[in-house]
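Student: I would like to learn how to read a fold, one feature at a time. Could we work through an example together?

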Amino acid sequence: MFADTRAERTGNRLFGACIRALILILLLCMTGCGKEPEEEGITTDFLEDTVAAVGTARISLAEWYLYAMPKVSSATALYGKDIWEYHISDDEGTIADAVKDDILKQIIYVKIVCSRAEKLGISLNEDELGDIETETLQYMDSLSAAQKEKYGITGEAVRNVYCDNLLAMKVYENLTLNIDTDIPDEEVRHTIIEYICANKYYENGDDGIERLSDEELSDLKIKMDELYERAVTDPEIKKLSQLENEQYAAIEMVTDYEGLKEKFSKELADKVFNMRESEIIGVFDTDDAFFIFDCVKRNDEEATDKAKVGIIERRQRELFEQEYAVWEDETIIKMNYPVWDSIVINDL
């Protein structure tokens with residue numbers, strides 16, 4: 001999805017801030033976006049600072065630097081300048097080559113999305129343009145004269161990046177506004193449980209696993225029955241952890257239905273997922289262990305809402321990517337290779 005540039009306006013105004021709003025766009029780009037430029041697109045009618053043409057739009061050299069500077073600066077600060085010389089493979093070249101290509105693909109992605117705005121009746125309003133103008137001035141003030149000169153950064157270039165980002169976000173929101181938000185309970189509901197597990201196996205001194213004897217299993221079952229009986233009859237016990245049994249301590253788990261099925265058998269998962277709040281059930285005898293379960297909270301709203309958002313966002317991405325694939329196929333991309341080849345990430 002596209003980042004909300006308006007929210008970002010309350011954040012840090014330091015160097016690179018104007019690109020921070022693009023981070024969520026870049027996440028989308030990692031799914032394979034970015035049409036490879038047409039080889040036959042080498043032409044001689046480019047403006048001298050044009051990196052590439054995306055349909056009727058162009059990517060200026062200053063614009064490419066605006067996207068690249070914060071990313072390159074952050075990586076260099078973390079790993080040092082030598083990181084850019086690291087060889088990935090014969091196909092991908094160095095880290096510098098890969099990042100350079102990735103940044104280009106990210107900008108192409110935004111340009112293609114923006115190119116559909118007019119057809120969809122989407123534009124920036126006066127308030128948005130006013131906010132962008134403020135952001136542009138603040139960003140330009142954060143740059144030194146040497147940076148502006150070296151990278152050819154102008155107020156127009158910064159303004160264009162802001163406008164493209166916000167316009168692309170609005171296109172995304174418009175197309176995904178009516179996505180289906182109906183999600184089955186078993187796909188999203190997270191429950192908080194506590195459970196006691198008494199294993200039927202133990203580790204021997206030779207790093208091996210051995211099963212308890214029948215007599216030991218019988219004694220273990222009795223202990224678990226006693227724990228269960230106390231849990232459901234003692235009015236002071238509200239959840240299993242209050243039993244305070246050091247040998248068989250209760251384990252808390254925040255999980256959804258899939259998580260329960262990964263941890264336990266489907267039969268147990270079904271029982272636990274459908275428990276009532278504050279209900280304690282057991283003792284369950286499985287091949288590997290005895291179990292007692294306690295539904296501390298049937299619906300953990302925070303975890304459930306997070307799961308819902310994740311599924312809705314995935315549906316939005318899938319829908320948008322279908323639309324984008326069509327737009328991408330219809331877009332001609334031409335490279336100005338003399339300018340493109342002159343870009344050296346190590347110099348940033």
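**Reading the fold**

Tutor: Gladly. Let us start with a single residue: Phe293 has a relative accessible area of 0%, so Phe293 is buried. Keep in mind that this is a predicted model.

Student: Where is Phe293 found?

Tutor: Phe293 lies in strand 10.

Student: Which residues does Phe293 touch, leaving out those up to four places away in sequence?

Tutor: With those set aside, the contacts of Phe293 include Ile193, Glu194 and Tyr195. Leu240, Phe264, Leu268, Val272 and Met275 are also among them, as are Glu279, Ile280, Ile281 and Phe284. Take Leu240: 53 residues separate Leu240 from Phe293 in sequence, yet their C-alpha atoms are 7.9 Å apart in space.

Student: How should I read the sheet around strand 10?

Tutor: The general idea is that strands of a sheet pair through backbone hydrogen bonds, either parallel or antiparallel. Here, four strands make an open sheet with the order 8-5-10-9, and their pairing is antiparallel. Strand 8 (251-255) and strand 9 (280-285) are at the edges with a single partner strand each, so one side of each has no neighbour in the sheet. From one strand to the next, the twist averages 25°.

Student: How many bridges join strand 5 to strand 10?

Tutor: Eight bridges link strand 5 (residues 191-199) with strand 10 (residues 289-297), and the two run antiparallel. As one example, Ala198 has Phe290 in strand 10 as its bridge partner.

Student: Is Leu227 buried or exposed?

Tutor: Leu227 has 8% relative accessibility; because buried means under 20%, Leu227 counts as buried. Leu227 sits in helix 10 (residues 214-233). Apart from neighbours within four places in sequence, Leu227 contacts Ile196, Leu243, Asn245, Tyr248 and Ile292. The C-alpha atoms of Leu227 and Ile292 are 8.7 Å apart, with the two positions 65 residues apart in sequence.

Student: Now for helix packing. What describes two packed helices?

Tutor: Two packed helices are described by the angle between their axes and the distance between the axes. Take helix 6 (residues 126-142) and helix 8 (residues 155-176): their axes come within 9 Å and cross at roughly 140°. Helix 6 and helix 8 are therefore oblique to each other, and the crossing is right-handed.

Student: Which residues of helix 6 and helix 8 meet?

Tutor: From helix 6 come Glu128, Leu129, Ile132, Glu133, Glu135, Thr136, Tyr139 and Met140, and from helix 8 come Gly155, Val158, Arg159, Tyr162, Cys163, Leu166 and Lys170. By class, this contact holds eight nonpolar, two polar and five charged residues.

Student: How does helix 8 lie against helix 13?

Tutor: The axes of helix 8 and helix 13 (residues 301-330) come within 10 Å and cross at roughly 110°. Helix 8 is therefore roughly perpendicular to helix 13, and their crossing is right-handed. Val171, Tyr172, Leu175 and Thr176 of helix 8 meet Glu313, Gln316, Arg317, Leu319, Phe320, Glu323 and Trp327 of helix 13. The residues of this contact are six nonpolar, two polar and three charged.

Student: To finish, how many helices and strands are there in the protein chain?

Tutor: The protein chain has 14 helices and 11 strands. Of its 348 residues, 44% count as buried. Among contacts in the protein chain with a separation of 6 or more, 74% come from residues 24 or more positions apart.

How values were computed: Residues numbered from 1 in each chain as written. Predicted model: local features only at pLDDT ≥ 70, side-chain atom pairs only at ≥ 80, totals over all residues. Heavy atoms only, no water. Pairing = 2+ DSSP bridges. Axes fitted to C-alpha atoms, helices over the stretch in contact; angles between N-to-C directions. Parallel < 35°, antiparallel > 145°, perpendicular 65-115°, else oblique. Left-handed = near helix turned anticlockwise from the far one by under 90°. Contact = heavy atoms within 4.5 Å. Nonpolar A, V, L, I, M, F, W, Y, C, P; charged D, E, K, R; others polar. Buried < 20%, exposed > 50% of the residue type's maximum accessible area, 1.4 Å probe, protein only.
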